[in-house]
Each structure stands twice: as C-alpha cells, then as structure tokens.
Amino acid sequence: VDRSLTPDMLMICDAARPVAVAGVMGGGPTEYHRTTTTVLLESAHFHPLSIRRTSRALNLRTEASIRFERVVDPELVVTAANRACTLIQELGMGEAVRGVVDVYPNPQPPRVLEIRPERVSLLLGFKVTADEVTDTLTRLGFGAKEPLPPRPLTSSPAQAFCVPSWRPDIVREVDLAEEVGRVLGYERIPERLPHGSSTQGMDSPAAVFEDRVREMLVGAGLQEVVTHSLLAPSKFEDPRDGERRIAIRSALSAELSGLRRSLLPGLMDAMDRNARRGLGPLAFFEIGHVFYAHDKSYREMPWVTGVVAGPITELSWQRGGGSGVADYFLARGIVERILIGVNARGARFERSFDPRFHPGRSANIMVEKDRLGYVGELHPDLLKDLTVKDRIVVFAMNLGQLELLADRSRAFTSLSAYPAVTRDIAPRVARETPYETIEAAIRGVAIDTLERLVLTDVFSGPPLPEGSKSLTLSFTFRAQDRTLTDEEVNEALSRLRAALESTCGATFAA
C-alpha cells in the first residue's frame, strides 16, 4: 500500500534514508531475516497525540501505535531496553552488548504533591492516620518526602510524595486520597443516609417562557419533535443569511458535518419521514438552539420553528372529513396566537422576498427594524423530492428576542355590565394595499370605546373596478360606565372612515 507522508509526521531515519514511521510501523529494509546477526534495540517515548494523528492519517492501526498513543512512560525506556536484552540472552537467542545511548533532551522533573490526612478523612468519610497514608502510597511506588509544617486551621502536618512517572493521572490531592481509599478498602466507608437542607428547585425565566410557548403550540394542534443539532448543508436554510455555518472538524459523516443554522431542515426531514409511513396529521414544532459563526466569535440562540402540511384536525364527521389545506393564514394565525399569548407588543408583518417561499405568500415578523422571524408557504420547487404533496407552511421566531418583547405584567380589566354595539363598514382599497396598513390606520385613531376589530370578508372582481378590493370590517364598541348611544357610535365610525380615506385611499359605497 502506498501512503503519502506529510511534514508533521515523525520519521526515524539513518544517515541516508527513512527507517520507520515513528511509533507506528517499521520499514522494510530493517526487518528481521534468517540471515540477521546483529540487532540494535530502540526504546523510545513519542508524543501520544502525534502518534495518534499519524496513525489515523495513514489508516495504519498497529500494536505499536495503540501502545504509544496511550502514553509510554519516558522514565522507563532504558529499563525496557535492558529488560529486552536480558530476555533475549536468557532465551539463548543472542548475546547482549554492554552500553546504552540515552538521548533525553528535556527530562521532566519529578512531580511532588502534598496530602493532608485530615483532608483524606473528610473526603473518604472515615478516619485515616498519617501512617496509613504513608504506608499505602509507598507500597504504590510514591516516594515519601520530609513532612511539611502544619497549615493554618489544621493540627497535623501535610505529607509530601513524589508521583511515579508511570502515574500521569495523579495530579491533585484528591487523586492521592482516592488511591488511599482504594487500597484501604471502600468497605470502611460507613453507610449513612444523606442529610442537610435542600433548596427549592425552580426553572429559569427562559425555561418558563419556553414552556408557555410550548403549551400554546400544543394547544394549537402541533406536536413537538426533537431533531439533531448536527446537520448537512440544506436547501431549506436561508441562502441570503450572512451568518456562516460552523463546520465540524472531524465529522462522522456528511449528514453530521456542521452545526445547524436553522431548525427548519430537521423538521422537514421529520415531516417527510412521517409522510413516507402514512402518518398524520403533519404539524410539528421544535424549540431548540441554532448556531452561527459571527465575525471572529460564535453565537448560539434559541428559536421556535413549526411546519404544517394538510389539515391540523383529525378526521371527523363534524368537520367535513377533516379536509382542508394549510395556508399562509393558518401559520400566521399560530404566530399571532403566540404573540398575543405572551403579551408581545410592537410586532408587525412585512412582505418577504425570501426565495424559499412562494411569491406573495410569506412575510417577515418585524419589531421596529429587527427581524423577529418569518412565516410563509414553502416554494413548490423545494418540495419536488419530498413525499409530502400538500402545501407546507412554516413559521419561525427568535425566542430570545420574543422573550425580551413579552410583557409579563398584565393589568386586569373588569367585565363591563353594559351592552356592546357592533357595526360593519366596507371600504374599497387598491388590491395591493396590505391589511397591515389598514389595521394600523384604524388603531391610530385611538378610540377608547373600540373593543374589537375583525376582518370578516374580502371581495374582488366585478362589479368592483379592476385592481381594487372590498373589505368587510366588523367593529365592536363598548363602554365601561354607560350604554353607548347611536350618536357616539356614528361619530366613531366617521372618524374611522376619515382615517381610512386619508391613509389608505379608501372609498365607500354611497
């Protein structure tokens, strides 16, 4: 097998040519043969990470690489060479020549750790004496040093021990205490029930907020799923997103090659997987984190995303067999339910030009100049390879921004004892006028007695002029302290008509 070497791979060479890949495999010219008469033994210590990387890069897993990548004690290389020579000579397979060439450019000084018998007793839960500590660690190869003077707030002196070179795992006092307990026996640890005071557990404010959103989505008929945070690049990610994808350096597969920038690809995979098995209704949501490489740092943000295809309700004779198509207004209604449920103010919908969505059937959820999320119907071109043949609508919101926008303080408004008055008007506006503009014009009038506004019908076509549409708006008026008169309601309607005429160019039938 031909293998290409790189400059960062360690080689063993003589004066003219390579001899071996260090710590992995020897070379052909230095193999044993029947005619071999002289053998030079090499005993070495190599950097374990270098050996592991070389072995993986060359796809060459050997007994030597397995041993060296797990750290070989550098202090025992001479001892190992001497032992090998002794065995060869005892077996009658050769005669050892005296002399060792030891190249050890950076010998590591012995590590010295302190241990306090009082501290060991506290950690293990039973009384341990200084003599037991010394006897135990000495038997394990730890070299005892002179006792140290007592520390403040302690009555016994601390003991110092040299850590043997073959124990790189011993780095702290607690490691020494564990060795003492292991040798003395865990059965000496007394059995007792835990005692002490406990604190009242509670969720963080962010977790409480997520639960509120989760309950509203479940109440709307969606089912929660959990998908993998590692994904391959997907066509369902926003192609215009300026945030860079975080790739995994040692990915196990192409499907797990990077951290997700959106929850939508995982949800689409879950939806298509269920559709192939004939399951339904297909209405899923996920609350999870997305990840970006932003400038020279990384960002992690919580998002909520949902996908719906077909009817949310199950088959029922009362609902006409469960027929129905998921559309933009269904997804927008779910978003508005969340915004109202968390008492978020200031959010509005603006037309989106995201190429992932059907033209004219998507919107960005905006808060001032920042995008809180999006809602819309996926473009048919993205759905060609899916089992799902129905329309698919999606919505997504940044939960962190939504939590900042939410108002947790709610003022109670008592129920009015007086009757409500309902009136309808039918303004005619240009077809391209968004309803958002009409509603904003109505809200801008600031009528105290206006309790509710509902859009009940939209009509276009003959006999209306081309390029126009007629909206039926239903208004509910109510006062808290009196019964409204016809004059008060008519005056409010006149102000609303005037606002629509001046702001939206609306006209009214005579």
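Okay, let's start with a term: a polar contact is a pair of N or O atoms within 3.5 Å, and within protein one of them must be able to donate a hydrogen and the other to accept it. Keep that in your head for a minute, and keep in mind too that what we're looking at is a predicted model.

So, where do we use that term? Go to Ser-352, in the loop between β12 (347-351) and β13. A polar atom of the Ser-352 side chain sits 3.1 Å from the backbone nitrogen of Asp-354. Is Ser-352 buried or exposed? With a relative accessible area of 5%, Ser-352 is buried, because the cut-off for buried is under 20%. And if we leave aside its neighbours within four places in sequence, Ser-352 is in contact with Ser-362, Ala-363 and Asn-364.

Now let's go inside. In soluble globular proteins, nonpolar side chains tend to be buried together. Here, the largest nonpolar core has 32 residues. Which of them touch the most other members? Those are Val-213, Leu-217, Leu-222, Met-397 and Leu-402. Several elements give two or more residues to this core: on the helix side we have α7 (205-219), α9 (328-341) and α10 (399-405), and on the strand side β10 (282-294), β11 (297-309), β13 (357-367), β14 (370-378) and β15 (392-398). The biggest giver is α9, with six residues.

Let's zoom in on Val-213. Setting aside neighbours within four places in sequence, Val-213 is in contact with Val-304, Ile-338, Val-342 and Leu-399. There's also a second, separate core of 26 residues, and among its members are Phe-236, Met-271, Phe-357 and Val-394.

Not every nonpolar side chain is tucked into a core, though, so have a look at the surface. Tyr-32, Val-39, Leu-41, Leu-87, Ile-88, Leu-91 and Met-93 form a nonpolar patch there, and together they have about 720 Å² of accessible area. Take Val-39 from that patch: you'll find Val-39 in the loop between β3 and α1, and with a relative accessible area of 42% it is partly exposed.

Glu-31 is in that stretch as well, in the loop between β3 (25-26) and α1 (48-58). At 48% relative accessibility, Glu-31 counts as partly exposed. To get a feel for distances, pick Arg-261 as a second point: Glu-31 and Arg-261 are 230 residues apart in sequence, and their C-alpha atoms are 53 Å apart in space.

On to charges. How many salt bridges does a search of the whole structure find? The count is 29. I'll show you three.

Number one joins Arg-116 and Glu-173, with the closest N and O atoms 2.8 Å apart. This pair links distant parts of the chain, 57 residues apart: Arg-116 is in the loop between β4 (111-115) and α4 (117-124), while Glu-173 is in helix α6 (residues 173-184). Arg-116 is partly exposed at 21% relative accessibility, and Glu-173 is buried at 18%. The numbers fall on either side of the 20% cut-off, so the two residues get different labels.

Next comes Glu-132 with Arg-188, where the closest N and O atoms are 3.2 Å apart. Again the pair links distant parts of the chain, here 56 residues apart, with Glu-132 in helix α5 (residues 130-139) and Arg-188 in the loop between α6 and α7. Both are labelled partly exposed, Glu-132 at 23% and Arg-188 at 33%.

The last one is Arg-167 with Glu-179, at 3.1 Å between the closest N and O atoms. Arg-167 lies in the loop between β6 (159-163) and α6, and Glu-179 in helix α6, so this bridge ties together parts that are 12 residues apart in sequence. Arg-167 and Glu-179 are both buried.

Salt bridges can also share partners, and that joins Arg-52, Arg-61, Glu-69 and Arg-70 into one network. Let's finish on Glu-69, in the loop between α2 (63-68) and α3 (77-90). Glu-69 counts as buried, at 12% relative accessibility. Its side chain makes a polar contact with the side chain of Arg-70, at 3.2 Å. Beyond its neighbours within four places in sequence, Glu-69 is in contact with Pro-48, Ile-51, Arg-52 and Arg-61.

Okay, that's my tour. Thanks, everyone!

Notes:
Residues are numbered from 1 along each chain as its sequence is written. This is a predicted model: local features need pLDDT of at least 70, side-chain atom pairs count only at pLDDT 80 or more; totals for chains, interfaces and linings use all residues. Side-chain values use heavy atoms; hydrogens and water are left out. A nonpolar core is a set of buried Ala, Val, Leu, Ile, Met, Phe, Trp, Tyr and Cys residues joined through side-chain atoms within 4.5 Å. Buried means under 20% relative accessible area, exposed over 50%, partly exposed in between (1.4 Å probe, protein chains only). Helices (H or I, at least four residues) and strands (E, at least two) are DSSP runs, numbered from the N terminus. Contact means heavy atoms within 4.5 Å. Patches are made of residues with over 30% relative accessible area and no salt bridge: like charges are joined within 9 Å, nonpolar side chains (Val, Leu, Ile, Met, Phe, Trp, Tyr) within 5 Å. Accessible areas come from the Shrake-Rupley method with a 1.4 Å probe; for residues, only the protein chains shown count as cover. A salt bridge is a side-chain nitrogen of Lys or Arg within 4 Å of a carboxyl oxygen of Asp or Glu.
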